[in-house]
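This report describes how strands and helices are arranged in a single chain and where empty space is left among its atoms. The sheet is taken up before the helices, and the internal spaces follow.

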Amino acid sequence: PLPDNQKTLQLLQEYYDNLYSMHGMSTESLGWSPQGQATRFAEVARSFPENTGSVLDIGCGFGQLEPVLRNRHPEIRYTGWDINANMLSHCTTGRLATFEQRNILEAPPSEGEHEVVVLIGALNTAFGDNDRTIRAMLAAMYAACSRMCILSATSAYADPEYKHESMWFYDPIDLFTFSRTLTRYVDLRHGYLPHDMMLVLYKP
């Protein structure tokens, strides 16, 4: 069964609104440190094929992945979606960058519309329906990409000092097994941060 999208949206909205009210335009409003963001973004960016033409960033926050990708792909078409209007208010639409308040589970793009689809840490907070939601998200991301999708999340194998009751820690083996129902071509990464995992699903 699909997750309860309205309840999930409400809980995620409240969580990130609370962080934003305390920290404003800061990586702390995203629930991580500047160093953690830089490491995640670098790992994602290095995964892109050299000639990538378009990307959809789900849960884009302040759109800070866009300049990182543009350093490697100057002409990439970047689309950022988020459910949080406060964060989107800091994003600037330009010739090759657009931003929208939109939820992929309720309003998905056309099949294969974007070459790459990414989600970086947007589902790390505990909201009660995490496992079903992240599976639905992976399926929607894979349908929306024409080349690959990338998902980064907190891992159940994180060291104890990194675990907090407000966060959700996903079983990377379970998510790898689920990803294999979508495609044979899956990478599971677990070495770039002590508390994260990353799945990369490729279109054949």
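In this predicted model, 7 strands form an open sheet of mixed pairing, and their order across the sheet is β3-β2-β1-β4-β5-β7-β6. The edges are taken by β3 (97-101) and β6 (186-189), each of which has a single partner strand, so one side of each is left without a neighbour in the sheet. From one strand to the next the twist averages 15 degrees. Strands of a sheet pair through backbone hydrogen bonds, either parallel or antiparallel. The pair formed by β4 and β5 (residues 145-154) runs parallel and is joined by 6 bridges; valine 118, for its part, has isoleucine 150 of β5 as its bridge partner.

Helices lie against this sheet. Helix α3 (residues 65-72) lies across β1, β2, β3 and β4, and its direction runs at about 165 degrees to that of β2. Helix α6 packs on the sheet as well, where α6 touches β6 and β7 (196-202) and makes an angle of about 10 degrees with the direction of β7.

Two packed helices are described by the angle between their axes and the distance between the axes. For α5 and α6 (residues 172-179) the angle is about 35 degrees and the axes are 11 Å apart, and α5 passes α6 in a right-handed crossing. On the α5 side the contact is made by Ile134, Arg135 and Leu138, while α6 contributes Asp174, Leu175, Phe178 and Ser179. By class, this contact of α5 with α6 comprises 4 nonpolar, 1 polar and 2 charged residues.

The remaining topic is empty space. Rolling a probe the size of a water molecule over the atoms shows where empty space is left. How many cavities of 30 Å³ or more does a search of the whole structure find? The search finds 2 such cavities, and the table sets out the classes of the residues that line them, together with those of the largest pocket.

| Space | Volume | Classes of lining residues |
|---|---|---|
| Largest cavity | about 440 Å³ | 20 nonpolar, 11 polar, 3 charged |
| Second largest cavity | about 30 Å³ | 4 nonpolar, 4 polar, no charged |
| Largest pocket | about 210 Å³ | 4 nonpolar, 8 polar, 2 charged |

The largest cavity is lined by 34 residues, of which Ile58, Gly59, Cys60, Asp82 and Ala122 are the closest to its centre. Both helices and strands give two or more residues to the lining of this cavity, namely α1 (5-23), α2 (34-45), β1 (54-58), β2 (77-82), β4 (114-120) and α5 (130-144). The largest share of this lining, 5 residues, comes from α1.

The lining of the second largest cavity consists of Tyr15, Tyr16, Leu30, Gly31, Gly121, Asn124, Thr125 and Met167. The largest pocket, in turn, is lined by 14 residues, and those closest to its centre are Gly31, Thr154, Tyr162, Met167 and His195. Gly31 and Met167 thus appear both in the lining of the second largest cavity and among the residues closest to the centre of the largest pocket.

Methods:
Residues numbered from 1 in each chain as written. Predicted model: local features only at pLDDT ≥ 70, side-chain atom pairs only at ≥ 80, totals over all residues. Heavy atoms only, no water. 1 Å grid on protein atoms, 1.4 Å probe; cavity = no way out; pocket = protein on both sides within 12 Å on 5 of 7 lines; lining within 4 Å. Points joined across faces, edges and corners; volume = space filled by probe spheres on them. Helix = DSSP H or I, 4+ residues; strand = E, 2+ residues; numbered from the N terminus. Nonpolar A, V, L, I, M, F, W, Y, C, P; charged D, E, K, R; others polar. Axes fitted to C-alpha atoms, helices over the stretch in contact; angles between N-to-C directions. Left-handed = near helix turned anticlockwise from the far one by under 90°. Contact = heavy atoms within 4.5 Å. Pairing = 2+ DSSP bridges.
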